[in-house]
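Reader: Could you walk me through this model and tell me how each label was earned? I would like to see the value next to the rule.

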Amino acid sequence: MYREWAPDPALAGRVARVWTNVATSPVTQLVVPDGCVDLIWGPGGPQVAGPDTGPVPVRMSPGDRYTGIRFRPGGVGEAFGVPVEALRDRRVPLAELDVLPGLTPRTMQEALAVRLRATPAPDPAAPAIAAALRTGRSVGQVAWDLGLGERQLHRRSLRAFGYGPKTLQRVVRFQRALRLARRGVAPAEVAAASGYADQSHMANEVRRLAGMSLGRLVSRP
């Protein structure tokens, strides 16, 4: 059973949600790219799940419990003592990062709030970068709109999100399509509203990011 709720107010500016997931039967959960970084406590202890560029299946046995804190896209900054791109497509045990010693599931939010106060804030332009790329405009147009050079946009995107603007654009576009499809919007309308060239373009991109069709992804429990 999956549940989520708003984070402690001390985390709200950088954290999107706190969540738990408890398996009542054998199941494989599919994690798809969303531009986020999660701090997770699972059966193997605490770990950091970096920003993904493809699907990650997570096999759960009955009774397995996961508790997580999901950062907003671009919100992780230097919370874990390494560049975000070093976490890309990885699940890193917290012990390897040498931060948040003595963490427990009960103290995760409090300990993280203390850690965030002690580290530099993330790039304040990160939300604007993600929002601009979500509109479907080209990377060059987005750089121009934000008053940045394309190389500067690439560096700032990599530092804030863990991947460059072209990959970030694919991820945010995919997430918008997924939200619309889950609301029952017709595929052709989803493609147009999400900034894809056409429905075929959307289908190819979704398969690259999720490993399956949009319809199949939406129908998964």
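**Values and rules**

Author: Gladly. β5 and strand β8 (residues 91-93) pair in the antiparallel sense over three bridges, and two strands count as paired if DSSP finds at least two bridges between them. Within this pairing, Q47 stands opposite P93 in β8. Please keep in mind that this is a predicted model, where local features need pLDDT of at least 70 and side-chain atom pairs count only at pLDDT 80 or more, while totals for chains, interfaces and linings use all residues. Residues are numbered from 1 along each chain as its sequence is written, and side-chain values use heavy atoms, with hydrogens and water left out.

Reader: What makes β4 and β5 a pair?

Author: Strand β4 (residues 38-42) and strand β5 (residues 45-49) share five bridges in the antiparallel sense. The bridge partner of W41 is P46 in β5, and that of L39 is V48. The two strands form a hairpin with two residues between them. Strands here are DSSP runs of E with at least two residues, helices are runs of H or I with at least four, and both are numbered from the N terminus.

Reader: Why are β1 and β8 said to stand at the edges of the sheet?

Author: The open sheet has six strands in the order β1-β2-β7-β4-β5-β8, with antiparallel pairing. β1 (2-5) and β8 each have a single partner strand, so one side of each is left without a neighbour in the sheet.

Reader: Why is N21 called buried?

Author: N21 has 10% relative accessibility, and buried means under 20% (exposed is over 50%, partly exposed in between, with a 1.4 Å probe and protein chains only), so N21 counts as buried. N21 belongs to strand β2 (residues 15-22). Beyond its neighbours within four places in sequence, N21 is in contact (heavy atoms within 4.5 Å) with M1, Y2, Q29, M60, D64, R65 and Y66.

Reader: How do you know that α3 and α6 are roughly perpendicular?

Author: Helix α3 (residues 126-134) and helix α6 (residues 165-182) pack at an angle of about 65°, with their axes 8 Å apart. Axes are lines fitted to C-alpha atoms, for helices over the stretch in contact, and angles run from 0 to 180 degrees between N-to-C directions. Angles of 65 to 115 degrees count as roughly perpendicular (under 35 is roughly parallel, over 145 roughly antiparallel, the rest oblique), and α3 and α6 are therefore roughly perpendicular to each other.

Reader: Which residues of α3 and α6 meet?

Author: I129, A130, L133 and R134 in α3 meet P165, L168, Q169, V172 and R179 in α6.
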